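Okay, thanks for squeezing me in. Let me put the structure up, and then I'll talk through a few spots I picked out.

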Amino acid sequence: MLYAILFGLLMAAVAPLLHRLLGRWVAVPMVLAPLLLLGLYFSFMPEVLQGHAVVQRHTWVPELDINLQFRLDGLSLLFALLISFFGALVMFYASGYLEGDPLLGRFYLFLTLFMTSMLGLVTSDNIFGLFVFWELTSISSYLLIGYKQAEKEARVAAWQALLVTGLGGLALMAGLILLSVAGDSYTFSGLLERRPEVLEHPFYLPAVVLVLLGCFTKSAQFPFHFWLPNAMAAPTPVSAYLHSATMVKAGIYLLARLSPVLSGPDVWHVSLMTAGGITAVLGAVLALQHTDLKAILAYTTISALGLLVTMLGIGTDEAMKAMLVFLLAHALYKGTLFLVAGGIDHRTGTRDLNRLFSLGKHMRYSGTAATLAALSMAGVIPFLGFVGKELLYEASLENYLLLGICLVTGVAFVAVALIMGYRIFWHKGEEKTQVHPHAHFRLYFPPLVLAFGGLLLGLLVNSQALPLLQQGVRTITADPSLELKLSLWHGFTPVLGLSILTLLLGLALYLALPWLGQRAAVLQPLYRVGPDAAYHKLFELFLHGSKSFILWLQDGHLRSYVMYIMFFFCGLLLFILWRDTPGIDFNDRIYQLQEVRLYELVVLFLVISALVYLLGTRSRLTSIVVMGLIGYSSALFYILFGAPDVAATQFLIETLTVVIFVLLLHKLPAFIYLSHQFMKYKFIAISVVFGALMTYVMLLVQQQAIPSQLKEYYGKVSYLEAHGRNIVNVILVDFRGLDTLGEITVLAVAALGIFSLLRLNPEKGGKP
Amino acid sequence: MRTIIFATAIRYLTPLFLLFSVYILFRGHNHPGGGFIGGLIGSIAFVFHALAHGSDHTVNTYFRLKLYSQEGKQPEHASPQYMWDLVRANTWKRAEEVTPVNWRYYIVRVRPAYMMALGLFLASISGVPGLLQGKPYMTASWLELEIPIIGTLGTPTLFDAGVYLLVLGMVLKMVFTMSKE
């Protein structure tokens, strides 16, 4: 399975190249790649159906237990097949949808990258492996949403999606790490074995909260649902693939994967049911308020995701069955509807519901696909959607609140299905929509396949789909003997009655929609306080805040920066000195004063008088020269105390500094006093404090010298092994050569920075 | 700063400075010195030259090589006379004084930024021999011979030379840019 991932990454990398070589035929290899992966995953089917998990292990970072361990069980296989099958169709569809786009190669790169990371996500057993792929899906989603980079809307939406899911990703990482600490295992299978320890551990609650945060952001649960409708700025194949069928289900996948480990305590079930229920109802209500086809589909997707989370929250065997079947049905019909919406957009140039009438005459195949998908969405017998809906009702029968949620969502789904499958295609409207005459095979074939898939799986539900779904349910419930029975016809049960009631209510809602639409304008102000508006407010606040903070901190005066650094350093030192209260025994040091030589005093006098003169001077040239004098004097000190290397460097640097100053002298503005008298005294005080502290620390270090053999060691080894007698230099270029390499790299980068600053021309507005 | 004494003295002092800086570079392993100091000395040599003659002149003298060749002549049918002319034109005579034919010239420029890049490259590549021997990156290896004045050569010497070039290139880049404006 590692090779599957590597193959996908390779295909992603060569996609732009293939596009350049093959032109529009690039679609051929890009469609074949997912088909190949589909075949690969099919080959694992017999083993998985017997109840064994296929495990492949590759070490990656063994020291940190980060390994590429892949594990293919029923749940993973179901997802992997869905992803690669859908991937092939979407790749095919995209070649028609984006025909002639000069950036098609790049689009395939992103899309294949996404598909590969999604496959990696669902097959990883190692939590860090899963996290890496999780983040990769976020990043590729960002790239795909922002594919139409010229449009501001797309860029903003891409940012929003990345920030929301990225933030959730961070929370998820923390949660997974806490889980791994609690369960002392870095794999999901290991965590499952140690379930009792995880449940007892004090980290359980924070881990659950963080993991839920990650899953809810990814799967667009309330209150993080707002990024998904905005993500519809992406090209339609992306919306169908990422934001309906696969990526947003990554959160569902992880919840299902962790459900056997974490379920049990009330907090898990209650929070899942609450968030899922609110999301389901909210999505259903919001979907009916929109007239953009993609927006409607996006909100119903949110609603469906909410239902899935609710089912996971109920946590009974029936609920898990319902969850998995509904997930499959939803992926099939929602994918179809999205692709059809894309086709409509492509042919008519609009996605506005009120401008689309009786398209069925011109778009027969798309219309057929949409109608089939809509029937599945509405839950009409004999489609897979019907089976899913029945199971949903069955799972929530005992709790009236949950039943209500399912009913409301179902009714809204029926209404939306009528809109998508009946109104825009077959309803006779007063006005005709302009339709581009040329029907495109590549645009109607994939939705047809998906729509018939929904029908066939519904008809053959107890023979074809059953074994894999059963393995999936067994994985989620961690019960290897669980039997899954699916059938189209249950006989006359209360559930069937509910189904028929849903259909009737949905029809009524559809008929009432125009009337409701007039009333819905009242709700508009609500959008201004919703999470989307809150996100934008927060975003702007953050930008503004960081801007003003930086303006305050970095005022452009070098003296302020030096002052901050000194303040901070002094503060730290004073804190340590206050905490540890180390004292210096000055009596011991007094006798050292007797050893002071005359020339040392002379140099000291030179420095001090130069400093005093410097403070009073009003000429730049004088101050440069006096600064040079001070520098040379300190170099003298180095020589006197036996550090010729340092002294030589100091001499040279001083010389260079003076020369460079001289070079620049006539370009600098006139020497003015920027600070008044008080500022000067303030700076003097700070410098004196800093100097005194440093002196104190130096004395302290000398008094409390730590005995160490470092000096002897370097002295010996640098001659014997490093062939050098100059220990300082040998340390620099040999023992700590890597550090020096880092330093000179920094030096080079700093030089480039200085160079670009020098080239800035402030008179021309800072342009180079 | 165009005083004639300074300018004349610097013209002869700059090569000496450079020689000294290279000496300091190689000396660094056993005595005070090394790549950093050597690079600073070398850059000071050029900086003084630029101070005395102007930075354009420094660039033309030390960082730009004019290579002459005669138009229409291919290297394969070169006569000894042509070779002699070529050597003379490229070394001490002005091209026009050698023969009155059309001379074509190529300009090879050494930019300080390239020196920085080369220095960084040398420093980072000096660790590779260790890797090739299966030891950690930057494990030093030494030649067995001892050269007078320079001393033993080894990968740390290469590293130091990289530091030398980087420092030299960096200071020159800054000074040339500043004095150009």
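So, A:Asp739 is partly exposed, with a relative accessible area of 38%. Keep in mind that this is a predicted model. A:Asp739 makes a salt bridge with A:Arg736, and the closest N and O atoms there are 2.9 Å apart. What about the arginine's side of that pair, A:Arg736: how accessible is it? At 43% relative accessibility, A:Arg736 counts as partly exposed too.

As for where to place that pair, chain A has a domain assignment with domain 1 covering 557-706 and domain 2 covering 709-762. Going by C-alpha atoms, the centres of those two chain A domains are 24 Å apart.

Let's stay with salt bridges for a bit. How many are there over all chains? The count comes to nine. In general terms, side chains of opposite charge can pair when their charged atoms come close.

One of them joins A:Glu99 and A:Arg24, with the closest N and O atoms 3.9 Å apart. The cut-off for a salt bridge is within 4 Å, so if you like to play with thresholds, keep that 3.9 Å in mind. Which parts of the chain does this pair bring together? A:Glu99 sits in the loop between helix H4 (74-97) and helix H5 (104-123), while A:Arg24 sits in the loop between helix H1 (2-22) and helix H2 (27-43), so the bridge ties together parts of chain A that are 75 residues apart in sequence. A:Glu99 is partly exposed, at a relative accessible area of 40%. And the story goes on past the pair: A:Arg24, A:Glu99 and A:Arg442 are linked in a network of salt bridges.

Another bridge is A:Arg194 with A:Glu197, where the closest N and O atoms are again listed at 3.9 Å. Here A:Arg194 counts as partly exposed at 31% relative accessibility, and A:Glu197 is partly exposed with a relative accessible area of 38%.

Okay, backbone oddities. I'd have a look at these before setting anything up.

Two residues in chain A have a positive phi without being glycine: A:Asp184, at about 55°, and A:Ala220, also at about 55°. Buried or exposed, which is it for each? A:Asp184 is exposed, with a relative accessible area of 57%, whereas A:Ala220 is buried, with a relative accessible area of 0%. A:Asp184 is in the loop between helix H7 (152-183) and helix H8 (188-193). A:Ala220 is in the loop between H10 and H11.

That H10 to H11 loop has something else in it. Where does the cis peptide bond come in? It joins A:Phe222 and A:Pro223, with omega about 0°. A:Pro223 is found in the loop between helix H10 (204-218) and helix H11 (227-230), and A:Ala220 with its positive phi is in the loop between H10 and H11 as well.

Now a contact across the sequence. A:Tyr535 lies in helix H23, residues 531-553, and counts as buried at 12% relative accessibility. The C-alpha of A:Tyr535 is separated by 9.5 Å from the C-alpha of A:Trp227, and those two are 308 residues apart along the chain.

Over to chain B. There are eight helices and four strands in chain B. Along the sequence, the pattern goes α-α-α-β-α-α-β-α-α-β-β-α. Of the 181 residues in chain B, 44% are buried.

How is chain B divided into domains? Domain 1 is made of two stretches, 4-63 and 110-180, and domain 2 is 64-108. The C-alpha centres of those two domains lie 31 Å apart.

Last stop, the surface. There's a positive patch formed by A:Arg759, B:Arg109, B:Arg111 and B:Lys180, with residues from chain A and chain B in it. Take B:Arg111 from that group: B:Arg111 lies in the loop between strand E2 (103-109) and helix H6 (112-125) of chain B. At 38% relative accessibility, B:Arg111 counts as partly exposed.

That's my tour. Happy to rotate the view if anyone wants another look.

Note on methods:
Residues are numbered from 1 along each chain as its sequence is written. Chains are lettered from A and ligands numbered from 1 in the order in which they are written. This is a predicted model: local features need pLDDT of at least 70, side-chain atom pairs count only at pLDDT 80 or more; totals for chains, interfaces and linings use all residues. Side-chain values use heavy atoms; hydrogens and water are left out. Helices (H or I, at least four residues) and strands (E, at least two) are DSSP runs, numbered from the N terminus. Buried means under 20% relative accessible area, exposed over 50%, partly exposed in between (1.4 Å probe, protein chains only). A salt bridge is a side-chain nitrogen of Lys or Arg within 4 Å of a carboxyl oxygen of Asp or Glu. Patches are made of residues with over 30% relative accessible area and no salt bridge: like charges are joined within 9 Å, nonpolar side chains (Val, Leu, Ile, Met, Phe, Trp, Tyr) within 5 Å. Accessible areas come from the Shrake-Rupley method with a 1.4 Å probe; for residues, only the protein chains shown count as cover. Lys and Arg count as positive and Asp and Glu as negative; His and the chain ends are not counted. The place of a charge is taken as NZ of Lys, CZ of Arg, CG of Asp or CD of Glu. Domain bounds come from an automatic or database domain assignment.
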